[in-house]
Amino acid sequence: NNINASKAIQIHCECDEAIPRFDKIKELMLYRIIQELINNSLKHAQAKNLYLSVQYPEKKSIFFSYKDDGKGFNLEKTEKNKGLGLKNMESRSDILGGKAKFTSKENEGVQFEVEFLMD
């Protein structure tokens with residue numbers, strides 16, 4: 001709400017209302033991933049919109065996706081010299097028991113997805 005109120009960037013959030021509370025460690029890991037993604041978009045992407053979605057398909061897993069409409073970057077170059085933020089998101093996805101899928105192209109923004117089973 002505070003970020004949206006600044007009018008510098010808008011966050012659009014779609015969350016399945018049926019999602020129950022889950023393991024506190026997993027909740028914290030997902031929160032930290034979201035925090036890192038938003039921080040990166042604010043600092044580097046020059047994005048105008050962020051899109052977050054948290055779904056609970058078939059009541060078995062959590063599917064989280066994130067997208068911004070920023071300047072993006074060449075992911076192949078970054079794969080060789082991953083920053084701490086990207087490494088942290090990958091390791092947190094591993095803790096969730098999910099596999100992170102990160103995509104980006106120059107001038108096409110960033111997209112991140114992770115799906116993990118509920119405990």
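Student: How far is the sulfur of Cys 15 from the closest cysteine sulfur?

Tutor: In general, a disulfide is a covalent bond between the sulfur atoms of two cysteines. In this predicted model, the sulfur of Cys 15 is 3.2 Å from that of Cys 13, which is too far for a bond. The cut-off here is 2.5 Å. The structure holds zero disulfides, and Cys 13 is in none.

Student: Are those two cysteines buried or exposed?

Tutor: Cys 13 is exposed, because its relative accessible area is 54% and exposed means over 50%. Cys 15 comes out at 42%, so that one counts as partly exposed.

Student: Let's move to the sheet. In what order do the strands sit?

Tutor: Strands of a sheet pair through backbone hydrogen bonds, either parallel or antiparallel. Here five strands form an open sheet in the order β1-β2-β3-β5-β4, with mixed pairing. The edge strands, β1 (10-15) and β4 (101-104), each pair on one side only. From one strand to the next, the twist averages 10°.

Student: How many bridges join β1 to β2?

Tutor: Six, and the two strands run parallel. Look for Ile 11, which stands opposite Leu 50 in β2.

Student: Which strands does α2 touch?

Tutor: Helix α2 packs on the sheet, touching β1, β2, β3, β4 and β5, and its direction makes about 5° with that of β3. Helix α4 also packs on the sheet, touching β4 and β5, at about 20° to the direction of β5.

Student: Can you show me one residue of α2? Where does Ser 41 lie, for instance?

Tutor: Ser 41 lies in helix α2, residues 24-45. Its relative accessibility is 3%, so Ser 41 counts as buried. Setting aside neighbours within four places in sequence, Ser 41 is in contact with Gln 46, Ala 47, Leu 50, Tyr 66 and Asp 68.

Student: And α4? Which of its residues are buried?

Tutor: An α-helix has 3.6 residues a turn, so residues three or four places apart point the same way. In α4 the buried residues are Gly 85, Leu 86, Met 89, Ser 93 and Leu 96. They cover an arc of only 100° around the axis, so they sit on the same side of α4. The face turned away from that buried side carries the exposed residues Leu 84 and Asp 94.

Student: What span should the 13 residues of α4 have?

Tutor: At 1.5 Å a residue, they should span 18 Å, and the end C-alpha atoms are 18 Å apart, which agrees. Just after α4, Gly 97 takes a positive phi of about 85°.

Methods:
Residues are numbered from 1 along each chain as its sequence is written. This is a predicted model: local features need pLDDT of at least 70, side-chain atom pairs count only at pLDDT 80 or more; totals for chains, interfaces and linings use all residues. Side-chain values use heavy atoms; hydrogens and water are left out. Buried means under 20% relative accessible area, exposed over 50%, partly exposed in between (1.4 Å probe, protein chains only). Helices (H or I, at least four residues) and strands (E, at least two) are DSSP runs, numbered from the N terminus. The expected span of a helix is 1.5 Å times one less than its number of residues. The arc is that of the directions from the helix axis to the C-beta atoms. Contact means heavy atoms within 4.5 Å. Two strands pair if DSSP finds at least two bridges between them. Axes are lines fitted to C-alpha atoms, for helices over the stretch in contact, and angles run from 0 to 180 degrees between N-to-C directions.
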